[in-house]
Amino acid sequence: MTRRLVILGKQGAGKGTQCELLTERYGVAHISTGDMLRAAVAAGTELGRAAEKLMDAGELVGDELILGIVADRLEEPDARAGVLLDGFPRTEAQANGLFALLAPETVDRAIDLDVPDEVVTKRMLERGRADDTPEAIARRLELYEAETAPLRKLFADRGVLVTVDGLGAPADVHGRIVAAIEAAQ
């Protein structure tokens, strides 16, 4: 069965951990725009240099650029069996772009991993990435509420959203996510 899954949640909510588990369980391609952007930064590409300036300031990379990256990635052979989109979409424009890319198919399930701000802030500070400064984290949380949180309604209106409590042991959170995905079948 081809699965097209989206995982939503603030940075530091545990999306990466859950994506690893879900990718293993369902055999889908894990498409992380954050990982793709960090790889471009590390490689010093033109995209990487432009993205680095934005990311260091806690800003998001533009919709058009991200949509192009995701469109290219969806064409790769491993994405044919299904995808788990992590960190994408982040805006309504990106979500609408995703719906256009997948048409006539659509997203099977959007999982909103719910974790309080104070918990994700603590997690991000502890992971020690260079771009995880208190100021950048606060800015990312503001942007999430302004631009990404509204996607919950968009996915809910399409009947594919499920909110999952993201607190607790990774295995417990994973169990809740799997139950939500499989309840939709």
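Buried residues are those under 20% relative accessible area, exposed residues are over 50%, and partly exposed ones lie in between (1.4 Å probe, protein chains only). The model shown is predicted, so local features need pLDDT of at least 70 and side-chain atom pairs count only at pLDDT 80 or more, while totals for chains, interfaces and linings use all residues. Residues are numbered from 1 along each chain as its sequence is written, and side-chain values use heavy atoms, with hydrogens and water left out.

**View A. The buried and exposed residues of helix 4 (residues 63–74).** Helices (H or I, at least four residues) and strands (E, at least two) are DSSP runs, numbered from the N terminus. Helix 4 has twelve residues and reaches 16 Å from its first C-alpha to its last, close to the 16 Å expected at 1.5 Å a residue, where the expected span is 1.5 Å times one less than the number of residues. Its buried residues are Ile66, Ile69, Val70, Arg73 and Leu74. Seen down the axis of helix 4, these buried residues fall within an arc of 130°, so they line one face of the helix; the arc is that of the directions from the helix axis to the C-beta atoms. The face turned away from this buried side carries the exposed residues Glu64 and Asp72.

**View B. The surroundings of helix 4 and its crossing with helix 2.** The buried residues of helix 4 pack against strand 2 (29–32), helix 2 (33–43), helix 3 (46–56), strand 3 (82–86) and helix 5 (92–102), contact meaning heavy atoms within 4.5 Å. The axes of helix 2 and helix 4 come within 11 Å and cross at roughly 105°, which makes helix 2 roughly perpendicular to helix 4 (65 to 115 degrees; under 35 counts as roughly parallel, over 145 as roughly antiparallel and the rest as oblique). Axes here are lines fitted to C-alpha atoms, for helices over the stretch in contact, and angles run from 0 to 180 degrees between N-to-C directions. On the helix 2 side, Thr33, Met36 and Leu37 meet Ile66, Ile69, Val70 and Arg73 of helix 4.

**View C. Two cis peptide bonds that precede Pro89 and Pro104.** The bond from Phe88 to Pro89 is cis, with omega near 0°, and Pro89 is found in the loop between strand 3 and helix 5. Ala103 and Pro104 are likewise joined by a cis peptide bond, with omega about 10°, and Pro104 has its place in the loop between helix 5 and strand 4 (109–114).
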